[in-house]
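Student: I would like a close look at a single part of this model, with the terms explained as they come up.

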Amino acid sequence: MLGALLTGAGARTAIDLFTGTTRVAQDWKRRGAEVWAVDTAGYSEVLAACYIATDAATIRLDRLHAALAELNRLPGRPGYVTETFAGQARFFQPHNAARIDAIRDAIEDGWRDHPFHPLLLASLLEAADRVDSTTGVSDAYLKQWAPRSHQRLELRTPSLLEGPDTSYGATRWR
Ligand SMILES: C[S@@+](CC[C@H](N)C(=O)[O-])C[C@H]1O[C@@H](n2cnc3c(N)ncnc32)[C@H](O)[C@@H]1O
């Protein structure tokens, strides 16, 4: 619907306020628009940096695959996520929470200031989302483990979009 509006209006630039998952901004980018994606939430900034600001044509996919494979091999190392989201609450099974901790730390230690940084973080966000034990609302976890929470957390390659490097990531708009 919003994509059809963009195309129908012949717009070449667009701003997605409250972009959240960036799905609207992604659709506009696929349609060839120069897109601004704006949101106050940190998760959204990561997704926008990955899917909106990054031009897939500039990324060496073989190197990205290798980075993700290395992170996927890391053993768990319990930290903040394990204590908070698998100890005080039950959003993740402890084995997956410890792997989120280990991968998160490795991304900061090895990839800070690298173009892969938001791509690896987005991959981790999406991997965590696939094995959580929630109803889909961030503050509600289930009393019984959701079936998907038993699966091993697995990073996948984000489906990057080609687009001009003038597409922008999330800026905080307060
Ligand atoms: C309904 S959700 C996003 C919907 C989005 N189109 C999607 O498909 O994911 C609303 C978003 O608004 C963001 N938000 C709330 N207040 C904001 C503000 N003052 N400035 C920018 N973003 C804000 C939230 O962080 C949240 O991600």
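Student: In which helix is A66 found?

Tutor: This is a predicted model, in which local features need pLDDT of at least 70 and side-chain atom pairs count only at pLDDT 80 or more, while totals for chains, interfaces and linings use all residues. Residues are numbered from 1 along each chain as its sequence is written, and side-chain values use heavy atoms, with hydrogens and water left out.

A66 belongs to helix 4, which spans residues 61-72 (helices are DSSP runs of H or I with at least four residues, numbered from the N terminus). With a relative accessible area of 43%, A66 is partly exposed, that is, between buried, under 20%, and exposed, over 50%, for a 1.4 Å probe and protein chains only. From A66 to D55 the separation is 11 residues in sequence, and their C-alpha atoms lie 19 Å apart in space.

Further along the chain, the axes of helix 6 (residues 94-111) and helix 7 (residues 117-130) come within 10 Å of each other and cross at roughly 175 degrees, with axes fitted to C-alpha atoms over the stretch in contact and angles running from 0 to 180 degrees between N-to-C directions. Helix 6 is therefore roughly antiparallel to helix 7 (over 145 degrees). Helix 6 brings I100, I103, R104, I107, E108 and W111 to this contact, and helix 7 brings H117, L120, L121, L124 and A128 (heavy atoms within 4.5 Å). Sorted by class, the contact between helix 6 and helix 7 comprises 8 nonpolar, 1 polar and 2 charged residues, where Ala, Val, Leu, Ile, Met, Phe, Trp, Tyr, Cys and Pro are nonpolar, Asp, Glu, Lys and Arg charged, and the others, Gly among them, polar.

Terms used. Helix = DSSP H or I, 4+ residues; strand = E, 2+ residues; numbered from the N terminus. Parallel < 35°, antiparallel > 145°, perpendicular 65-115°, else oblique.
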